[in-house]
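Please open the structure in your viewer and keep the selection panel at hand. We will go from stop to stop, selecting a few pieces each time.

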Amino acid sequence: MIKNIFYTEWLKVRHYRAFWVLLSITAISFPGVNAIAYFAFKNAAEGPSQGGQLMKMLLGNPFAFPQTFHTTAYLSSFFAFIPAVVVIMLITNEFQFKTHRQNIIDGWQKHTFIWGKFISVMLITLIVTIFYMAVASTLGFIATKEVENAVLYEKAYFMLLFALQLFSQLSVAFLLGLLIRKAFIAYGIFIFYGFIIENMLVGLFKLKAKKLGYDYGHFLPFEISDRLIPVPPAIGKFNEADYKLAMDAIGQHVFYTLMLTFLVWILAFYIYKKRDL
Amino acid sequence: MFILEINNISKAYGKIKALDNLSFNVPEGSVFGILGPNGSGKTTTLSIILDVLQADSGSYKWFGESPHAGLRKRIGSLLETPNLYHYLTAVQNLRITQSISGRGDDRDIEKVLKQVNLHERKNYRFSTYSLGMKQRLAIAAALLGDPKVLLLDEPTNGLDPVGIAEIRELIKSLAQSGHTIIMASHLLDEVEKVCDYVAILKQGKLIASGSVDSVLSDEDCLILSAAENRLIELMQGYKGISRVADTPEGVACFFDKGKVSAAEVNAFCFNNGIVLSQITMKKKKLEEKFFELTSTQND
């Protein structure tokens, strides 16, 4: 059954040009943003100014092994909105052209259709994570003067954290697409909420944390998984206490993210099952 | 044996009752037409039996079994509009149908594309097709793997006259080779030409069902006029008459087709003391019968 779902989803995207164009943009944007950050740091650190020298001395090289996995994951995570376009497009297309309905008419059960999309989101996560791993490793080898196996993969667990964060955020994007069914509206809400509303709410909850007794902003849909990848140590050094707290909370947020993602998919299965197509 | 049994299905959209206790059975090997004006509940009925919509109450059975996804794979279906991937070609779209339904193989894809005259455009994207071509491709998808039951919602929608004739011929030839075809249409002419059974819906209610000949049978109608007022009363007692109506044209007397002679009616009236000033034989059109059925049930 899984093989059939996988094959059918593959048939849907195999010749879909927009899908491959957007994946290519993702593939370009990841090395692009990290390379820009890397060269900006390199120019500053190797420049003649005293500030640059001081920065190098204080921060080390955030792109060298093993820090590259953390730094690259942090920078790449800002670009989750590009694969989110792919996910929203894949689900809203099915509604726009009523092909999801035809899938059911032709013999799929409603839950089979959602499983198909679950597999697609997993695969997109896997592909994007591979892009990230390639970029992190490449920059690591470029930036590290002496590569020693012992430290090479010390922070490699960020690969899993990156994959979990991405899968969670793409799942939220999928749910939005499933609920709203119109690509532009779903994507608009995703961007507007993700970049503006949620950041405002996070700030607001932080301000009211004392009054409320807890910073509930941690539990907002994107913030839950954003906290899987705290700021890299190069930046964290400026506020070591907060950095340590953020690093210590990763384990908790793995649990919260898994719960949220599970809930999102349960909701997706339920909504689609109950909905008239 | 019935291929499809529908029992007391109801469905409402808010306050609007789309289907109201609908029941009918589709015999195996028949071409079964679901006929009704726009908004009568035809597509809602088909959507429910294809598990796209959920009925509020009632049940249905395919092949004598309670519905499940495996049964849908045995039915070639075209519901409402052609729902295919706009960025894929005809062949690529049919491969998806094949993968989901498990019906047919690559040779079947070639075969059905030839059947609907799309073979030459098989490698063109769906988005480049005209409405008629899209409809043909959707029919090809329904035909894939030669399912024994076909469910076609307005199958000639968007086709030109030649295309309409071809699809009707195709349906007839499939029926002759033992397929069961369930076809929804608002075109009376189409149902009359293609179907052997019909269910007529209006505002979600079944108003007539049975063989096309019995439901949409043509009637003979005699229009009579006379000075005497008791003409209606007299004609109600005439042997073989089905009903009498007072119309602006005169007294309309309905008989089963070929069962009345104007001379005999004239003689009957004369012998009973009524001299007819008018006796006109009027052939009733099928459309009139349909309008009569649907308007009668409305009152």
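**Stop 1: two helices of chain A**

Start by selecting residues 67–77 and 157–180 of chain A: these are helices α4 and α9, which pack at an angle of about 15° with their axes 9 Å apart. Keep in mind as you look that this is a predicted model. Angles under 35 degrees count as roughly parallel, so α4(A) and α9(A) fall in that group. Turn the view until one helix lies over the other, and you will see that α4(A) passes α9(A) in a right-handed crossing.

Now show side chains. Which residues of α4(A) meet α9(A)? On the α4(A) side, pick A:Phe69, A:His70, A:Ala73, A:Ser76 and A:Ser77. Their counterparts in α9(A) are A:Phe158, A:Met159, A:Leu161, A:Phe162 and A:Gln165. Coloured by class, this contact shows six nonpolar and four polar residues, with no charged ones.

**Stop 2: where the chains meet**

Zoom out and bring both chains into view. Here 22 residues of chain A are in contact with 24 residues of chain B. To find the chain A side, select α1 (2–14) and α6 (99–105), each of which supplies at least two residues to it. Which element gives the most? That is α6(A), with six residues. By class, the chain A side has eight nonpolar, eight polar and six charged residues.

**Stop 3: a three-stranded sheet in chain B**

Move to chain B and select β1, β2 and β4. The three strands form an open, antiparallel sheet in the order β2-β1-β4. The edges are β2 (16–27) and β4, each pairing on one side only. From one strand to the next, the twist averages 15°. Strand β1 (residues 2–13) of chain B is joined to β2(B) by eight bridges in the antiparallel sense; for a landmark, look for B:Glu5, which stands opposite B:Asn25 in β2(B). Then add α1(B): this helix packs on the sheet and touches β1, β2 and β4 of chain B, and its direction makes about 115° with that of β1(B).

Next, follow the loop between α1 (42–49) and β4 (57–62) of chain B until you reach B:Asp56. Because 13 C-beta neighbours lie inside 10 Å, B:Asp56 counts as partly exposed. Leaving aside residues up to four places away in sequence, B:Asp56 touches B:Ser10, B:Lys11 and B:Ala12. For a sense of distance, select B:Arg136 too: this residue is 80 residues from B:Asp56 along the chain, and their C-alpha atoms are separated by 33 Å.

**Stop 4: two hairpins in chain B**

Select residues 197–202 and 205–211 of chain B. These are strands β8 and β9, antiparallel and joined by six bridges. At one of the pairings, B:Lys202 has B:Lys205 in β9(B) as its bridge partner. Two residues lie between the strands of this hairpin, where B:Gln203 takes a positive phi near 50°.

For the last selection, go to residues 241–247 and 250–256 of chain B, strands β11 and β12, which run antiparallel and are joined by six bridges. They form a hairpin with two residues between them. Try clicking on B:Arg243, whose bridge partner in β12(B) is B:Phe254. Is β11(B) largely buried or in the open? Of its seven residues, the number buried is zero, so β11(B) lies largely in the open.

Conventions. Residues numbered from 1 in each chain as written. Chains lettered and ligands numbered in written order. Predicted model: local features only at pLDDT ≥ 70, side-chain atom pairs only at ≥ 80, totals over all residues. Contact = placed C-beta atoms within 7 Å. Helix = DSSP H or I, 4+ residues; strand = E, 2+ residues; numbered from the N terminus. Nonpolar A, V, L, I, M, F, W, Y, C, P; charged D, E, K, R; others polar. Pairing = 2+ DSSP bridges. Buried ≥ 20, exposed ≤ 12 C-beta atoms within 10 Å, placed from the backbone. Axes fitted to C-alpha atoms, helices over the stretch in contact; angles between N-to-C directions. Parallel < 35°, antiparallel > 145°, perpendicular 65-115°, else oblique. Left-handed = near helix turned anticlockwise from the far one by under 90°.
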